[in-house]
Amino acid sequence: MAFHGVTARYVKLTPKDSWGSANYWGLSEVIFTKQEETAITSVEETSVKTMKGQLPMLPSFVKVTYASGSEGTKAVEWDDFDKVLCDAEGEFTITGKLFGSDAEAYCTVVVKRSKEVDKKPLLKLLNEVTGKEESAYTKESWQALLAVYEMADQIYDSAETIQEEVDEICGRLQKAIFQLEMTVTPEQVEEQITLAGQMLAQTEIYTGEEGFEGQIAEADAAVFRDRFHALQAEYDKMAAEENLTEYEKAKLAEIQAQLTEAMDAFQTSIVHIDFTKLNELLAQVGGLDQAKYTEASWKELASARNEADAAVKNSSRVKQSEVDARTSRLALAMKNLVPKAEDSGKAPDQGSDKDTAILQGKVYESGNYRYKVTSTTKRTVEVVSLKKKNLTAVRIGSTVRLGGKDYKITSIASSAFKNNKKIKSAVMGKNVTSIRSKAFYGCRQLKSITIQTKKLTMKNVGSKAFKGISAKAVIKVPKAKVKSYARILKAKGAGKKMTVKKM
């Protein structure tokens, strides 16, 4: 079918219900386009925009220019393209073919984000974290916050971030901030201030050169009182604030540390009468046989012993100089014991691991330690003191050899290592069944303890046995005893900051 002398670009033919003798119900319309008499010289490039993740709406027609200079539109069929190109922001070009022509068309597709991402809430949270003081919070909660913060920082800097990611990380960061745990709370500092005040009020002060057990010198009390009041005033100033600043939160930990240091110094300054040497001598005297010595020398020993016994019994009202004097007198009386004529004339041996006859109740030296024999039938001993006061590592074994026989080390005596500032580590053997009161009292350099025995209970560990050891002591115990020993050690003075773990 041909059209002549027609100026229209195309003709649309729509048939009726019937055409001739036949029906063509499937035919809706026929378009006859006019063949241009001039060639296409250019095709206008087009561009469309789409959202990230969505396919573009490509134009069905493009503008063209003919050789005659006239312009028109031509239908275009676009080539297939990789749909993945729409999943990222940017641009890409699609090529198409014009109907009835060899000319090509080009369409630039611009992919944009589905909507602008609001990062302001995330930036606010990031700034909140950077404004916090690390020292104000526990290590565990701070590390948890940093892990989320690093992810949040990456999401904030990324150009590919979508709103859902921002919203999700904001929630996580808010939760981590909320779960921060302060190293020291105002309640903890207030409780410690109360305890410090009670300690000061309840400790008796002496003004002379010496004090009794539990007293403190007036000068030492004054130093503590001034420091205590200064720290209390500093805390009260912060407590008056409705909300603590990050600086004030960190300052709480500093106040607690200074208060703890002051309280430790106060405790160290309190008079503690040392009966160790006197008790050792009394134990040795108890193992001597009166029948072997002259009446006069034994009478002097008995008198010295009675004085020593009286001092021990009246321990709360005796001064250190008095204890030292009684110790010296008893030691001299023992040295001056005179054996009866039938004896060899040698002074009695005061104890050695080479003795052939071991006496119950007597104290013997072996290695770096002194041991009191608690039973000759069961062959058990108790550690009563150090032979060398400058020893830094205490190693209490399972047994000790005395008189050619092995004796089990089952106990550590009261005040055995009391106020020893040299000891840094201690090991207790598997046979130890009791640690008596103040055994390690005031050993403030003692930071490492290994307890091999599984036989300790709340009853057989004496009061204040570990009072005054290093606040950060690490104590290793048998695996099955971690929880129970932690309770025992805390109750016997080891402190809240000590660490108990399995060997």
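Colleague: In which handedness of crossing does helix 5 pass helix 6?

Modeller: Good place to start! Bear in mind that this is a predicted model. Helix 5 passes helix 6 in a left-handed crossing.

Colleague: And at what angle do helix 5 and helix 6 pack?

Modeller: The general idea is to compare the N-to-C directions of the two axes. Here helix 5 (residues 218-239) and helix 6 (residues 246-269) pack at about 165 degrees, and their axes are 10 Å apart. An angle over 145 degrees counts as roughly antiparallel, so helix 5 is roughly antiparallel to helix 6.

Colleague: Which residues of helix 5 and helix 6 meet?

Modeller: On the helix 5 side, look for Phe224, Phe228, Leu231 and Tyr235, among others. On the helix 6 side, the residues they meet include Leu252, Ile255, Leu259 and Phe266. Charged residues take part as well, including Asp220, Arg227 and Glu234 of helix 5, and Glu248 and Lys251 of helix 6.

Colleague: How does helix 4 cross helix 6, roughly parallel or roughly antiparallel?

Modeller: The axes of helix 4 (residues 186-202) and helix 6 come within 10 Å and cross at roughly 20 degrees. Angles under 35 degrees count as roughly parallel, so helix 4 is roughly parallel to helix 6. Helix 4 passes helix 6 in a left-handed crossing. Among the helix 4 residues in this meeting are Val189, Ile193, Ala196 and Met199. Leu252, Ile255, Leu259, Met263 and Phe266 are among the helix 6 residues that helix 4 meets, and these five also appear among the helix 6 residues that meet helix 5.

Colleague: Let me move to single helices. Which residues of helix 3 are buried?

Modeller: Buried means under 20% relative accessible area. In helix 3 (residues 163-178), the buried residues are Gln163, Val166, Ile169, Cys170, Leu173, Ala176 and Ile177. They cover an arc of only 145 degrees around the axis, so they sit on the same side of helix 3. The face turned away from that buried side carries the exposed residues Glu164, Lys175 and Phe178.

Colleague: What do the buried residues of helix 3 pack against?

Modeller: They pack against helix 1 (120-130) and helix 2 (139-157). For the first of these partners, the axes of helix 1 and helix 3 come within 10 Å and cross at roughly 25 degrees, which means helix 1 is roughly parallel to helix 3. This crossing of helix 1 past helix 3 is left-handed. Leu122, Leu125, Leu126 and Val129 are among the helix 1 residues involved, and Val166, Ile169, Cys170 and Leu173 are among those they meet in helix 3.

Colleague: How far does helix 9 reach from its first C-alpha to its last?

Modeller: Comparing the span with the expected rise is a handy check on a helix. Helix 9 (residues 320-335) has 16 residues and reaches 22 Å, close to the 22 Å expected at 1.5 Å a residue. Its buried residues are Val323, Thr327, Leu330, Ala333 and Met334. Seen down the axis, these fall within an arc of 130 degrees, so they line one face of helix 9. Exposed Leu332 and Lys335 are on the face turned away from the buried side. Helix 7 (276-286) and helix 8 (295-313) are included in what covers the buried residues.

Colleague: What should I look for in phi, and where does Arg379 lie?

Modeller: Most residues other than glycine have a negative phi. Arg379 has a positive phi, near 55 degrees, and lies in the loop between strand 14 (369-375) and strand 15 (380-386). Asn419 also has a positive phi, near 60 degrees. Its place is in the loop between strand 18 (405-412) and strand 19 (425-428). Arg379 is partly exposed at a relative accessible area of 35%, and Asn419 is partly exposed at 29%.

Colleague: One loop residue more: which residues does Gln452 contact beyond its neighbours within four places in sequence?

Modeller: Gln452 lies in the loop between strand 21 (448-451) and strand 22 (474-477). Leaving those neighbours aside, Gln452 is in contact with Val427, Met428, Gly429, Lys430, Pro478 and Met503. Take Val427: it is 25 residues from Gln452 in sequence, yet the two are 7.5 Å apart, C-alpha to C-alpha.

Colleague: How many helices and strands are there in the protein chain?

Modeller: The protein chain has 10 helices and 23 strands. Of its 503 residues, 38% are buried.

Technical notes: Residues are numbered from 1 along each chain as its sequence is written. This is a predicted model: local features need pLDDT of at least 70, side-chain atom pairs count only at pLDDT 80 or more; totals for chains, interfaces and linings use all residues. Side-chain values use heavy atoms; hydrogens and water are left out. Helices (H or I, at least four residues) and strands (E, at least two) are DSSP runs, numbered from the N terminus. The expected span of a helix is 1.5 Å times one less than its number of residues. Buried means under 20% relative accessible area, exposed over 50%, partly exposed in between (1.4 Å probe, protein chains only). The arc is that of the directions from the helix axis to the C-beta atoms. Contact means heavy atoms within 4.5 Å. Axes are lines fitted to C-alpha atoms, for helices over the stretch in contact, and angles run from 0 to 180 degrees between N-to-C directions. Angles under 35 degrees count as roughly parallel, over 145 as roughly antiparallel, 65 to 115 as roughly perpendicular and the rest as oblique. A crossing is left-handed if the near helix is turned anticlockwise from the far one by less than a right angle, and right-handed if clockwise.
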